[in-house]
Amino acid sequence: MFLTRVLEPGDETGGCWVRELGVTEVVRRLREGGPALPGAGEKRWAGLRARAVRADPCQDLAVARTAGVRFVPPGTAEWPRQLDDLGDARPLGLWVRGLPSLRMWALRSVAVVGARACTAYGAHMAAEIAAGLTERGWVVVSGGAYGVDGAAHRGALGAGGATVAVLACGVDRPYPPGHTRLITRIAEQGLVIGELPPGDHPTPSRFILRNRVIAALTRGTVVVEAALRSGSLVTARAAQRLGRHTMGVPGPATSALSAGVHAMLRGGADLVTDAAEIVEQVGAMGELAPDRRGPVLPTDLLDPRTRQVLAGLPARGAGTADEIARRAQTTQDDAVARLYELRALGYVERHSDGWKLTRQTTISVHEGRSPR
């Protein structure tokens, strides 16, 4: 707890100190002063010492308990071990608000992130995907921000599912302020987590560093709308470096808000359009998305040779059985038998001058549409 107040999130030098010297020794050196720890210049060491003097983990713990927040350090039963993949950039611990077990929820989770200033299309897709994932038993993780993040959280909550908000500030201090009610609801129905101690404020760099936690915590990251310069792409790149699945939802080719996603897809990310396709990527073997097929037309149910005879009829006017047979590459007797079958089904009609398509079939057969 002390170190989360002194060191910034993602501080790899600090992580190296903890790994090599142990938490107790690092805390002692920061509190007592003396020679700087390896890799810390004079100015940086002075800054860390100034923070250490003001740090009061007992006070932080008291505030946290009042707000219903607990602290989960590495190595404990609730710690998600996949965060260890971050190496020395691993969080020093996580402040957690909400009742469920973070470790258990993270085992089957997907990140859904994207543009803050998203379009109606982006908000719709994020909400639909999140709802579909929760209905399939997956936890939706996002950053609690405006736009796609908020839509993903709302989609999961609206479906009665599980969602986790990873904040770049103290978890007792909802940010952005306009999402106070949403983040409160997430804490009641799911989990709100962060690296920073109670009351701490967000900064631009903390938002960027927060994204590595989202990427490491989940099985994969889905980006729904992102410009070419977007924090969501930072999350996706972190996921890719960690060996997680990276996925993108395509948008209009003319939309600047989809340009970043399209660049991801060209760079090797998987194209997904719904929850089933996402689960196919991140789920267990055999969790496949359904095959995508167009509608079944009535003519699809005909015998292939009967369809060939139907295609042999002229688009306008009538044709003799002999002409139709030649076009269908069959005998006249076979053509006549199949023409009577087609007449019974309402596709053709017989006239004194031969056979012709019914009015309802004329356009549909030659344009590949279902007869009305």
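1. Pairing of β7 and β8. Strand β7 (residues 220-224) and strand β8 pair in the parallel sense, and five bridges connect them. Within this pairing, Thr221 stands opposite Thr246 of β8. The model discussed in this note is a predicted one. As background, strands of a sheet pair through backbone hydrogen bonds, and the pairing is either parallel or antiparallel.

2. Burial of β8. How many of the five residues of strand β8 are buried? Strand β8 spans residues 245-249, and four of its five residues are buried, so that the strand is mostly covered by the definition of burial as under 20% relative accessible area.

3. Pairing of β8 and β9. Strand β8 is also joined to strand β9 (residues 270-271); these two strands run parallel and share two bridges. Here Gly248 stands opposite Leu271 of β9.

4. The β-α-β units. Which helix makes a β-α-β unit with β7 and β8? It is helix α11 (residues 231-241), and the unit is right-handed. A further right-handed β-α-β unit is made by β8, helix α12 (residues 259-266) and β9. Strand β8 therefore takes part in both units, as a crossover is described by its two strands and the helix between them.

5. The whole sheet. The strands named above belong to an open sheet of nine strands, in the order β1-β2-β6-β5-β4-β3-β7-β8-β9, and the pairing in this sheet is mixed. Its edge strands are β1 (69-72) and β9, each of which pairs on one side only. The reader may trace the order in the structure, beginning at β1 and ending at β9.

6. An antiparallel pair. Do strand β2 (residues 94-97) and strand β6 (residues 191-194) pair in the parallel or the antiparallel sense? Their pairing is antiparallel and extends over three bridges. Trp95 stands opposite Gly194 of β6. The pairing of β7 with β8, by contrast, is parallel.

7. The largest cavity. The structure holds two cavities of 30 Å³ or more. In the largest of these lies about 110 Å³ of space. This cavity is lined by 16 residues, and those closest to its centre are Glu8, Pro9, Gly10, Leu92 and Glu195. By class, its lining comprises five nonpolar, five polar and six charged residues. In general, empty space of this kind is shown by rolling a probe the size of a water molecule over the atoms.

8. The second largest cavity. The volume of the second largest cavity is about 60 Å³. Among the residues that line it are Pro9, Leu94, Val166, Gly194, Glu195 and Arg206. Which elements each supply at least two residues of this lining? They are β5 (163-167) and α10 (204-217). Helix α10 gives the most, with three residues. The lining divides into seven nonpolar residues, one polar residue and three charged residues. Pro9 and Glu195 deserve notice in the structure, as they line this cavity and are also listed among the residues closest to the centre of the largest one.

9. Salt bridges of Arg70 and Arg90. In the whole structure, 17 salt bridges are found. In one of them, the side chains of Arg70 and Glu78 meet at 2.7 Å, N to O. Arg70 has 26% relative accessibility and therefore counts as partly exposed, whereas Glu78, at 16%, counts as buried. In another, Arg90 forms a salt bridge with Asp84, and their closest N and O atoms are 3.1 Å apart. Arg90 is partly exposed because its relative accessible area is 29%; Asp84 is likewise partly exposed, at 34%.

10. A salt bridge within a helix. The side chains of Arg338 and Asp334 meet in a salt bridge of 3.1 Å, N to O. Why are these two residues separated by about one helical turn? The reason is that Arg338 and Asp334 are four residues apart in helix α16 (residues 332-344). Is Arg338 buried or exposed? Arg338 is buried, because its relative accessible area is 15%, while Asp334, at 22%, is partly exposed.

11. A salt-bridge network. Arg5, Glu8, Arg51, Asp60, Asp200 and Arg206 are joined into one network by salt bridges that share partners. Two of these residues also appear in the points on cavities: Glu8 is one of the residues closest to the centre of the largest cavity, and Arg206 is one of those that line the second largest.

Conventions
Residues are numbered from 1 along each chain as its sequence is written. This is a predicted model: local features need pLDDT of at least 70, side-chain atom pairs count only at pLDDT 80 or more; totals for chains, interfaces and linings use all residues. Side-chain values use heavy atoms; hydrogens and water are left out. On a 1 Å grid over the protein atoms alone, a cavity is a set of points where a 1.4 Å probe fits but cannot get out, and a pocket is an open set with protein on both sides within 12 Å along at least five of seven lines; lining residues have an atom within 4 Å of a point. Grid points are joined across faces, edges and corners, and a volume is the space filled by probe spheres set on the points. Ala, Val, Leu, Ile, Met, Phe, Trp, Tyr, Cys and Pro count as nonpolar, Asp, Glu, Lys and Arg as charged, and the others, Gly among them, as polar. Buried means under 20% relative accessible area, exposed over 50%, partly exposed in between (1.4 Å probe, protein chains only). Two strands pair if DSSP finds at least two bridges between them. A salt bridge is a side-chain nitrogen of Lys or Arg within 4 Å of a carboxyl oxygen of Asp or Glu.
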